[in-house]
Amino acid sequence: NDGTFEIQFVGERGDGERGDIAVDDISFESLGFIRVQCPLGQFQCDNGKCINAKLKCDFTNNCGDNSDEQICSTNCTFESEKGLCTREGLCNWQAGTTSDHQWRVVNAAGQSPSTDHTFSNGTGHYVFVGASQSSIALLESTLYFRSGSGCTLSFYYSISDASSSLLSVEVKSAFHPVAAWSSYRDGPVSSGWVQQTVEIGRQEVFRVVFSARFRNSSSAIGIAIDDIVMSQCAPEFPHTCPDLNRQFACLNPLCVDRDRVCDYGNDCGDRSDEAECPPVLSTCSFDSGSCGWQVIDSALSRFRIGTGASLSFSTPLTDHTTGLQSGKYAFVSLGVSNGFAALESPEYTSMPSSYNCSFRFWYIIIGSPPATLTVNLKGADATTELFSQSSFGDHAWRRASVPVKSDSSFRLRFAVLMGS
């Protein structure tokens, strides 16, 4: 039968008073699998079950046989075991089409590195892209519908020349692209494998994108990736916020701390925590200028405002506000040993502790020589350090929040000290 059907057991009663009919342990045995076609907007599981299409690729076994998650590019060793890899060994990761220099699965033998990470020998495979100065090579995941706040991406990478190559990870959603990590290092690194973990966090309707770019097109330069794993990504169940004085109710509906609302971060996953922001004392994204923040002149270094597209190869590819290369941010080069640079706010009125005021910002510290970023509160009689962080070596935007209180008018100052 090519259509929908049902099987009926029919019991006919005889004339006598004796005799019963019983049925037990029914099963189908056939060469073909009998399934009912799912309605529009639903996903057909391998076991015949129908689920909402939006539950596919959400890091949760909604089908019961995990077939709604097996089609997703969640984990990949780039080997060709049955049921593990499709798309020529890419596990449903898709290579970009912007150039002839695309990501491809290669055998480790005769390549650099000469062993894969999965098996640590030349018979294994990994995904690789050679250098091309004129283009950016992209490797995109399947479309995920939702992830939880603890979601992380882990992988191993190898870069033959870090001074002329850059590998980055972007979370590309319908709401807001986010530059999650980048591989910048000063000078060449070993051609061996380096493990990296990237925070993905709570997202909705998104892809994970690996991006490779190069300064030149030398045949000796390339980037390799192996053993991709996404873990702890199951989304939280919607629930009612128990304390609306301290928590914000997202539209999804989930809950976030009120300190995370209107801080230029997508903490809800659907950006509802950034949708309607009340007036605040001061805010600046640097997209329309310095907002009254003043550069403190230094003979060696100084803050300036620029974009990832216009600044040097070592700067963040994108700003945090828009997630785009055209987005602007304040930046100071760390190329001067023992240098100093500062950026100072306008003057604010007194801020008693009863106001519960906080200063929030996003920052990146990369490169060499070592550097320390501090935030100081300059009052009428004293200067107080509110924040201090030294170099940590990658391109991930990180969030900071510090309490602010002052009985007199004050200014806030970002200060960068390079070297020891």
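Two strands pair if DSSP finds at least two bridges between them, and both helices (H or I, at least four residues) and strands (E, at least two) are DSSP runs, numbered from the N terminus. The views show a predicted model, in which local features need pLDDT of at least 70 and side-chain atom pairs count only at pLDDT 80 or more, whereas totals for chains, interfaces and linings use all residues. Residues are numbered from 1 along each chain as its sequence is written, and side-chain values use heavy atoms, with hydrogens and water left out.

**View 1. The open sheet E4-E5-E13-E8-E11 has five strands with antiparallel pairing.** Its edges are formed by strand E4 (104–107) and strand E11 (194–199), each of which pairs on one side only. With direction ignored, neighbouring strands of this sheet are turned by 40 degrees against each other on average, where axes are lines fitted to C-alpha atoms (for helices over the stretch in contact) and angles run from 0 to 180 degrees between N-to-C directions. Strand E8 (residues 152–159) and E11 run antiparallel and are joined by six bridges; within this pairing, Phe155 has Gln196 of E11 as its bridge partner.

**View 2. Aromatic pairs link separate parts of the chain around strands E5 and E8.** The whole structure holds 19 aromatic pairs, in which rings of Phe, Tyr and Trp (its six-membered ring) have centres within 6.5 Å, and planes under 30 degrees apart count as stacked, over 60 as edge-to-face and the rest as tilted. Tyr126 and Trp193 make an edge-to-face pair, at 5.3 Å centre to centre and with 75 degrees between the planes. Tyr126 belongs to strand E5 (residues 125–130) and Trp193 to the loop between strand E10 (178–182) and E11, so that this pair bridges a separation of 67 residues. Tyr126 is buried at 0% relative accessibility, a class defined as under 20% relative accessible area, with exposed over 50% and partly exposed in between (1.4 Å probe, protein chains only). Phe155 and Trp181 are likewise edge-to-face, at 5.5 Å between centres and 75 degrees between planes. Because Phe155 lies in strand E8 and Trp181 in strand E10, their pair ties together parts that are 26 residues apart in sequence, and both residues are buried.

**View 3. A second open sheet of five strands follows the order E16-E19-E24-E21-E22, with antiparallel pairing.** Strand E16 (294–296) and strand E22 (383–390) each have a single partner strand, so one side of each is left without a neighbour in the sheet. From one strand to the next, the twist averages 20 degrees. Strand E21 (residues 371–378) runs antiparallel to E22 and is joined to E22 by seven bridges, with Leu373 having Gln389 of E22 as its bridge partner.

**View 4. Ring pairs link six aromatic residues into a cluster: Trp293, Phe359, Phe361, Tyr363, Phe387 and Phe414.** Also shown is Cys291, in the loop between strand E15 (255–257) and E16. Phi of Cys291 is near 60 degrees, a positive value in a residue other than glycine, and Cys291 is partly exposed, with a relative accessible area of 39%.

**View 5. Two loops show details of the backbone, at Pro113 and at Asn66.** In the loop between E4 and E5, which holds Pro113, the peptide bond from Ser112 to Pro113 is cis, with omega near 5 degrees. Asn66, in the loop between strand E2 (50–52) and H1, has a positive phi near 65 degrees although the residue is other than glycine; with a relative accessible area of 31%, Asn66 is partly exposed.
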